[in-house]
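Hi,

Here is the structure I said I would pass on. Have a look at it first, and then read my notes underneath.

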Amino acid sequence: MIQDQEIPKSDHFRYLGSIISSDGEIADDVTHRIQVGWLKWRSATGVLCDKRVPTKLKGKFYRTAIRPALLYGTECWPIKKQQVNKMSVAEMRMLRWMCGKTRRDRVRNETVREIVGVAPIEEKLRENRLRWFGHVYRRPGDAIVKRADRIAWGSNATGRGRPKLTLDAVVRKDLSLIGLCEQGALDRAQWGKRIHVADPK
């Protein structure tokens, strides 16, 4: 209550373009990012669906205007596999639409990506997480945000059922997948090269 006015309780709210949920889950934020991506897409259909525009140019436009909207704020997501798949499905629908292809054409996803010159969003998500991890890890010990090895990335204590997925677990899996260790983040130039995901030419 504020004086005589009752303030309604909400389980989620928007903050700096992201959806914050009271339970710490990111499902609403994932859905919101996809919706924002489609809004950007629809506002640019005059370019992306124009057959006179070269496909590679469409891909460049997508990488510049659409994909950043999909990836905004994803650096700290403890994202699950089904949520990654959800984003990948949305991206592939966009890319196939750009190429004028449907699933009935039986063109593989990899081929579509080569045509438009766009790397998988799953790999770009990992690049974003590791870039943020490296940025935090390099912070001096007396900074407001402590070094990544001292950060509480989340707790697995959830009581019954499967332990809650944490950012720490996701980042460690990323590091293992591409053969990196945490200390490698101290060399900013090399770290950037190792985690970079290049779009197909």
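Before the details, one cut-off: a residue is called buried if its relative accessible area is under 20%, exposed if that is over 50%, and partly exposed in between. By that cut-off Trp-41 is buried, because its relative accessible area is 1%. Please keep in mind that this is a predicted model.

Since we have started with Trp-41, let's stay with the tryptophans. Trp-38 is buried as well, at 11% relative accessible area. Both sit in helix α1, which covers residues 27-43, and being three residues apart they are separated by about one helical turn. Trp-38 also forms an aromatic pair with Trp-97, a tilted one with 6.3 Å from centre to centre and 55 degrees between the planes. Because Trp-38 lies in α1 and Trp-97 in α4 (residues 81-99), that pair ties together parts that are 59 residues apart in sequence. Trp-97 itself is partly exposed, with 47% relative accessibility. Ring pairs join Trp-38, Trp-41 and Trp-97 into a cluster. The aromatic pairs come to five in total. One of them is Trp-38 with Trp-41, edge-to-face at 6.0 Å centre to centre and with 80 degrees between the planes.

Now the overall picture. The chain has eight helices and two strands, and along the sequence the two strands come before the helices, in the pattern β-β-α-α-α-α-α-α-α-α. Of its 201 residues, 38% are buried. If you take the contacts with a separation of 6 or more, 62% of them are between residues 24 or more positions apart. The accessible surface is about 13,100 Å², and carbon and sulfur atoms account for 52% of that.

What about the inside? The largest nonpolar core has 27 residues, and those touching the most other members are Tyr-62, Ile-79, Met-87, Met-94, Leu-95 and Met-98. Two or more residues each come from α1, α3 (55-71), α4, α5 (109-116) and α6 (121-137). Helix α4 gives the largest share, eight residues. For a closer look, try Tyr-62: beyond its neighbours within four places in sequence, its contacts include Glu-91, Met-94, Leu-95, Met-98 and Val-118. There is also a second, separate core of ten residues, with Phe-133, Tyr-137, Leu-167 and Ala-185 among them.

One charged residue caught my eye. Glu-182 is in the loop between α7 (167-177) and α8 (188-195), yet it is buried, with a relative accessible area of 17%. Which side chain does the side chain of Glu-182 make a polar contact with? It is that of Arg-172, at 2.8 Å. The C-alpha atoms of Glu-182 and Leu-130 are 9.8 Å apart, although these positions lie 52 residues apart along the chain in the sense of separation.

Last, the cysteines, in case you were wondering about reducing agent. A disulfide is a covalent bond between the sulfur atoms of two cysteines. The model has zero disulfides. Cys-76 is partly exposed, at 40% relative accessible area, whereas Cys-99 is buried, at 18%.

Happy to go through any of this together.

Cheers

Notes:
Residues numbered from 1 in each chain as written. Predicted model: local features only at pLDDT ≥ 70, side-chain atom pairs only at ≥ 80, totals over all residues. Heavy atoms only, no water. Disulfide = S-S within 2.5 Å. Buried < 20%, exposed > 50% of the residue type's maximum accessible area, 1.4 Å probe, protein only. Helix = DSSP H or I, 4+ residues; strand = E, 2+ residues; numbered from the N terminus. Contact = heavy atoms within 4.5 Å. Areas by Shrake-Rupley, 256 points an atom, 1.4 Å probe, with all protein chains shown as cover. Phe/Tyr/Trp six-rings, centres within 6.5 Å; stacked < 30°, edge-to-face > 60°. Core = buried A, V, L, I, M, F, W, Y, C linked by side-chain atoms within 4.5 Å. Polar contact = N/O pair within 3.5 Å; in protein donor to acceptor, adjacent residues only side chain to side chain.
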